[in-house]
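Thanks for coming, everyone. I'll walk you through a structure that is new to most of you. Let's put it on the screen.

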Amino acid sequence: MADNIDNLLTETRRFAPSDEFTANAVATSALGEAARTDRLAFWADQSRDLLSWQKPFTQVLDWTNPPFAKWFADGQINVAYNCLDRHVEAGNGDRVALHWEGEPGDTRTITYAELTADVKKAANVLLSLGVRAGDRVIIYLPLIPEAIVSMLAVARIGAVHSVVFGGFSAESIRARVDDAAAKLVITADGGWRKGAVSALKPAVDEALEVSAHGSTSVEKVIVIKRGGNEVAWQEGRDLWWHDLMAEAEPEHVAEGFDAEHPLFILYTSGTTGKPKGILHTSGGYLTGAAYTHKNVFDLHPESDVYWSTADIGWITGHTYVVYGPLANGATQVVYEGTPDSPEPGRWWDLIEKYKVSIFYAAPTAIRSAMKAGRQIPGSRDLSSLRLLGSVGEPINPEAWVWYRDVIGGGKTPIVDTWWQTETGSIMISALPGLTTLKPGSAQVPLPGVSIDVVDDKGLPVGNGQGGLLVITEPWPSMLRGIWGDPERFKETYWSKFEAASLGKSQGYYFAGDGARKDEDGDIWLLGRVDDVMNVSGHRLSTAEIESALVSHPIVAEAAVVGAADETTGQAVVAFVILRTSQVDTMTPEDAVAALRAHVAHEIGAIAKPRTVMIVQELPKTRSGKIMRRLLRDVAEGREIGDTTTLADTSVMNAIKIG
Ligand code: PRX
């Protein structure tokens, strides 16, 4: 973190928006003024302006039982209706909702009218299979239009989706199916990735077979044909999507649900081995999604072509591929595959082809593109771009400036957006027509959002100082809890800064990130302060990977750290002690290969350690706590820091030499 701060302190470049951009910008200074005048009235106005409520709300925020907030609680809304039917009713049925492109180059253009018709049918399919409001549905799909149709169909009938990223393993699916007690799974016979079809259904089959209790809550599995490969079939349980859709009733009237009706659960890694089911509800979440999407991305829905490269398996895919853009009636590009398939210019080809004007991606991808060289994007016409976004991890100033110069033609504003699965929507970002940009800084809390940087006691650090990032007031798209575990919700996010110790009427939400306020009060994110890693913008838990490693029979003990990595931000580095009885049974190379494969099997390929070091001992404090700080020093090739609290100081020499 110290290196980080040094770099940031020397960053003095500034980029003001052009007069033309400012003149046409969606967000003006009126937004901030309204939010400062009356925060709750501001949110109520946003919600009424941006969304269509079936029963208008009269209450804005109920914070009588913190940290369990209720927003717009006496209102009723249908989330899918807001993303679909109302645009058709307003005369925009022929507007393209999705320019979808498969990795092999197949394409589909889907208008709002067509998307609405598909979602209505899919809603009827779910109902015909006995899915009811409140039931949980697991979605394990590639980024194909049916994934979006499935999410909206689930939302339309008031059921609750939990999307599992297609790169996660059978074990990860099983854990999520069990925790959510899901009734139905929607998957595919495969999806395209890096020029080949990756299977998905076998992972679902395996997950349901090994379900923890010997039985599974899942009654039906719907399978979408995409990969064209053979799938094992369980009669009575497995059903083809296309058969069901062919027979489905076309009409479905969207019913309003209470604003606090659950919309989705999205599992994310925390500091323990067990992923947390982050719960989001309907009215507040959609308000945050629509408000931020419109103002941060300066959306002009009648003329812009928007593209977020995120997968629906992550929160960015939920908020900025599905709910935000569709609630705002945007036209967007959705691409199934990887940026480098079949060759490294694929993303830039798509920008040229669809004349993308707003582009949202992760710093890790920008750094990869930088490495590949500017001639690759340079040979494409990217002049349609007028705004760029960044998300998922801090973007280093060099990558920021390259992004603006090479992709943005030296003219586009870049919005560096800080937020989390838990926050539901963007919390800190420049507003592109208003803010003079600083490369590397996420800059300002959005109007309506209350953020501070505090010390360990919760006191504001003030400008020019670093500390911990907190959110000091509730916000509409905040998580409503951890599925099935209210105590963990309180403990994880609200126990560090409690109302009583702050001497206030409410506590602060602790985000887990370190941050610094510069002399102007702008915020620079400095990375996680807990045992959570950020690899390629994806959140991974050290504890979860450690428990995967120790579940392998050759492992006695394991410690995992995130080490700085030029491309992926952080990389997973594991230190492993083998069981004495196993040491001679295989070569160290085979052991390392077996352990990397094991982590991929237990969690998914994204969690596979970059490096596995086999060691004799791990550095521990006298109370037995692993000193990850020292392991990070080793992993990053630094001089080893202070070892005075180590129980056995010779350990570090052993590790260094080993
Ligand atoms: O550490 C922060 C980092 O990503 C974490 C949230 O991860 P996740 O819930 O998976 O959501 C990622 C997409 C919103 C945060 O705690 N993070 C996210 N955006 C930024 C960031 N760090 C620095 N700058 C950002 N713009």
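**A walk through the model**

Start with G134, which sits in the loop between α7 (112-128) and β6. Keep in mind that this is a predicted model. Is G134 buried or exposed? Neither: its relative accessible area is 22%, and the cut-off for buried is under 20%. So G134 counts as partly exposed.

What does G134 touch, leaving aside its neighbours within four places in sequence? Its contacts are G158, A159, V160 and H261. Look also at F264. It is 130 residues away from G134 along the chain, yet their C-alpha atoms are separated by 9.9 Å.

Now move to helix α9, residues 170-180. This helix is mostly covered, with 8 of its 11 residues buried. Charged names appear on that buried list: R174, R176 and D178 are there. So are A170, S172, I173, V177 and A180. What covers them? The cover includes β6 (136-140), α10 (201-209), β14 (262-268) and α21 (588-602). Right after α9 comes A181, and its phi is positive, near 45°.

Next, the nonpolar cores. The largest one has 185 residues. Which members touch the most others? They are L152, Y323, F359, W418, L469 and I545. Helix α8, residues 145-156, gives the most to this core, with 8 residues.

Let's zoom in on F359. Beyond its neighbours within four places in sequence, F359 is in contact with three tryptophans, W307, W347 and W348. Its other contacts are T309, I351, L385, L387, L388, G389 and Y403. There is also a second, separate core, of 18 residues. Among its members are V573, L618, L646 and I655.

Last stop, the ligand. There are 17 residues around it. Which come nearest? D416, T417, T421, D513 and R539. By type, the shell divides into 6 nonpolar, 6 polar and 5 charged residues.

Here are some polar contacts. A ligand nitrogen is 3.1 Å from a polar backbone atom of G392. A ligand oxygen is 3.4 Å from an N or O atom in the side chain of N534. For R539, an N or O atom of the side chain is 2.7 Å from an oxygen of the ligand.

How much of the ligand is covered? Taken alone, the ligand exposes 540 Å², and the protein buries 96% of that. Three elements give two or more residues to the shell: α13 (315-327), β20 (414-417) and β25 (523-528).

That's the tour.

How values were computed
Residues numbered from 1 in each chain as written. Predicted model: local features only at pLDDT ≥ 70, side-chain atom pairs only at ≥ 80, totals over all residues. Heavy atoms only, no water. Buried < 20%, exposed > 50% of the residue type's maximum accessible area, 1.4 Å probe, protein only. Helix = DSSP H or I, 4+ residues; strand = E, 2+ residues; numbered from the N terminus. Contact = heavy atoms within 4.5 Å. Near = heavy atom within 4 Å. Polar contact = N/O pair within 3.5 Å; in protein donor to acceptor, adjacent residues only side chain to side chain. Areas by Shrake-Rupley, 256 points an atom, 1.4 Å probe, with all protein chains shown as cover. Nonpolar A, V, L, I, M, F, W, Y, C, P; charged D, E, K, R; others polar. Core = buried A, V, L, I, M, F, W, Y, C linked by side-chain atoms within 4.5 Å.
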